[in-house]
Amino acid sequence: MNSDLKKDLRKEMKRTLAEFHASFSEKEKRSLDENLCEKITALSEYKNARIILAYIPDKTEADCTPVILDALQKGKQVAVPKVDASSLETGENRMDFYFLDWKDCRVKPDNDKIASTDNDTTNDADNDTPN
């Protein structure tokens, strides 16, 4: 598939998703997100996992932040993707995964979303979990 067609399809998909998400109220979105997170954390696969792959949500994605925070609190390792911006210019769309570390996560008090991380390349297994 040529890169221009791929870019156009991606742009159209983002526009369609934005319209779809705009059709829900904030309360409806929050309820759907909470329901999804509860279902994920209830799965035996989640409960038995040592490593969780997740994403830091943007405004058009389901907010899985509660799953991330739950996993970190339980001492699980959480890896999130980060797109290599330089690869976008070449059309490669390379994505690397980075482990989050509990001590690097700051949470916004108003909605429990992860605000930022100080070091997104933390990848050791000796994470400090909260007491």
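Colleague: What makes helix 4 (residues 65-73) count as mostly covered?

Modeller: In this predicted model, seven of the nine residues of helix 4 are buried. They are Thr-65, Val-67, Ile-68, Leu-69, Asp-70, Ala-71 and Leu-72. Each therefore falls under the 20% relative accessible area that the word buried requires.

Colleague: And what comes just after helix 4?

Modeller: Gly-75, with a positive phi of about 80°.

Colleague: Which residues have the most contacts inside the largest nonpolar core?

Modeller: Ile-52, Ala-54, Ile-68 and Val-78, in a core of 13 residues. Two elements, helix 4 and strand 2 (77-83), give two or more residues to this core. Helix 4 gives the most, with four residues.

Colleague: Happy with that! Why is the pair of Phe-20 and Phe-24 called edge-to-face?

Modeller: Their centres are 5.1 Å apart and their planes make an angle of 80°. The limits are 6.5 Å for a pair and over 60 degrees for edge-to-face, so both conditions are met. A search of the whole structure finds one aromatic pair.

Colleague: Why is Phe-20 called partly exposed?

Modeller: Its relative accessible area is 47%, and partly exposed covers what lies between the 20% and 50% cut-offs, so the term fits. Phe-24, at 25%, is partly exposed as well.

Colleague: Last one: where does the charged end of Lys-76 sit?

Modeller: Over the ring of Tyr-46, 5.0 Å from the ring centre. The distance limit for such a contact is 6 Å, so 5.0 Å satisfies it.

Notes:
Residues are numbered from 1 along each chain as its sequence is written. This is a predicted model: local features need pLDDT of at least 70, side-chain atom pairs count only at pLDDT 80 or more; totals for chains, interfaces and linings use all residues. Side-chain values use heavy atoms; hydrogens and water are left out. Buried means under 20% relative accessible area, exposed over 50%, partly exposed in between (1.4 Å probe, protein chains only). A nonpolar core is a set of buried Ala, Val, Leu, Ile, Met, Phe, Trp, Tyr and Cys residues joined through side-chain atoms within 4.5 Å. Rings of Phe, Tyr and Trp (its six-membered ring) pair if their centres lie within 6.5 Å; planes under 30 degrees apart count as stacked, over 60 as edge-to-face and the rest as tilted. A charge sits over a ring if NZ of Lys or CZ of Arg is within 6 Å of the ring centre and within 35 degrees of the ring normal.
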